[in-house]
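Got the viewer open? Let's take a short walk through this model, one selection at a time.

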Amino acid sequence: MKVGYIGLGIMGAPCVRNLLAAGHEVTVWARRRDAAQALLDAGAQWADSPAKLAANVELVVTNVADTVDVEQLLLGDNGVAQGAAPGLVCVDMSTISPLGARDIAARLAAQGIDFLDCPVSGGEVGAINGTLTIMVGGQATALEKARPALAAMGKTITHIGDSGAGQVAKACNQIAVGVGIAAVAEVMKLAKACGVDPAPVREALLGGFAASRVLDVHGQRMIDDNFAPGFKAKLHLKDMGIVLDTAQSLGIKLPEAERVAGLIGELVADGEGELDSSAIARLIWADNN
C-alpha cells in the first residue's frame with residue numbers, strides 16, 4: 001500500500017520501519033524534517049505538509065500525543081483532509097478521547113474520508129517487533145482496506161465496534177494495567193513486610209490463577225527496582241485523564257482508576273514523569289500508602 005505516516009516518536013518510527021520492511025511505500029511528515037531523516041535514509045519519502053502527504057497515499061496513519069493534535073493534523077489548516085481524495089482511510093493509533101474520536105470520524109465522513117480509531121497496546125517493544133495489539137473502532141470496510149498495513153505493525157487486530165470503540169477499549173486497557181500495577185506493588189509490599197522474598201512469590205503466582213502480563217513484566221521491574229520507561233508515567237497520566245473525563249461525562253464512578261490516576265499524578269508531580277508508570281510501586285511501598 002501507499003501509506004502516509006505522521007508521528008515519528010518511539011512508537012511511530014519503528015512502525016514506519018516495519019511498514020517499509022513489509023514492502024509498503026511510506027511517505028512521512030514531521031514538524032522538523034531532521035526528526036525523519038533516519039527513516040528517509042531507510043527508504044521513506046518526505047512530504048512538505050499533511051495535506052501534500054494525503055494527496056499521494058491510500059492510507060494515512062497518525063500516532064501523536066492527544067485529541068487536539070489528531071484534530072489539527074487531520075482537520076486543521078493544511079491538514080490531511082485538505083489534500084485527501086474521497087476514499088482515503090485515516091488510521092489514528094494515538095490514545096485520545098472516545099468522544100473526540102467519534103467527532104473526528106463524523107467530520108471526516110462528511111468529506112468522504114474514512115476514519116479508524118486504532119489505539120495500541122504493547123509499548124515500544126511491541127512497536128519494534130511488530131507485535132502491537134490494535135483495537136479498532138470504525139467501519140469494517142475501512143478496516144479491511146487498512147488491514148495489510150496494520151498487519152505489518154500489529155499481531156492482534158480486533159474490531160471493537162463503531163467509531164470511538166477502539167478508544168473505549170484502550171481506556172479499559174489503561175485501567176486494567178494501572179490497577180494491575182498497583183495490585184502487584186501491594187503483593188511485593190506484603191511479602192516484604194512478612195519477611196518473605198518477593199521474587200519466589202512472583203514465580204509461584206505466575207504459575208497460578210493470579211498470573212498476568214503485568215505480574216510478569218512489571219513484577220520483575222519491581223524486584224529489580226528498574227523503572228526505565230517502557231510506557232512513561234506522564235503518558236499514562238494523560239490516558240488516565242481520558243478515562244476519568246469519559247467516566248465523568250457518563251456519570252459513573254471508577255474508584256480504583258481514580259486511585260491509580262492519583263498515584264501516577266503524584267509520581268509525575270515529583271518530577272518522575274519520564275519513568276515507567278510502574279514506578280508508582282515506590283509510592284505504594286512508602287508508609288503513607
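Start by clicking on I134. Keep in mind that you're looking at a predicted model. Setting aside residues up to four places away in sequence, I134 touches M93, C118, P119, V120, L150, G154, T156, I157 and T158.

Next, zoom out to the nonpolar core around that spot. The largest nonpolar core has 36 residues, and I134 is among the six that touch the most other members, along with Y5, V28, V91, M93 and L116. Which elements give two or more residues to this core? Colour these: the strands β1 (2-6), β2 (25-29), β4 (59-62), β5 (89-92) and β8 (132-137), plus the helices α1 (12-21), α2 (37-41) and α8 (140-153). Give α8 its own colour, since the largest share, seven residues, comes from there.

Now look elsewhere: apart from that core lies another one, of 25 residues. To find it, select A182, M222, A233 and I284, which are among its members.

Back to α1 for a closer look. Is this helix mostly covered or mostly open? Mostly covered: eight of its ten residues are buried. Pick them out as G12, A13, P14, C15, V16, N18, L19 and L20. They pack against β1, β2, α2, α7 (123-129), β8 and α8. Just past the helix, stop at G23, which follows α1 and has a positive phi, near 95°.

Last stop: select residues 164-284. An unreviewed UniProt entry annotates this stretch as the domain "3-hydroxyisobutyrate dehydrogenase-like NAD-binding". The span is 73% helix and 0% strand, and its end C-alpha atoms lie 33 Å apart.

Notes:
Residues are numbered from 1 along each chain as its sequence is written. This is a predicted model: local features need pLDDT of at least 70, side-chain atom pairs count only at pLDDT 80 or more; totals for chains, interfaces and linings use all residues. Side-chain values use heavy atoms; hydrogens and water are left out. UniProt positions are given in the numbering used here, feature names are shortened, and annotations may be inferred rather than shown by experiment. Helices (H or I, at least four residues) and strands (E, at least two) are DSSP runs, numbered from the N terminus. A nonpolar core is a set of buried Ala, Val, Leu, Ile, Met, Phe, Trp, Tyr and Cys residues joined through side-chain atoms within 4.5 Å. Buried means under 20% relative accessible area, exposed over 50%, partly exposed in between (1.4 Å probe, protein chains only). Contact means heavy atoms within 4.5 Å.
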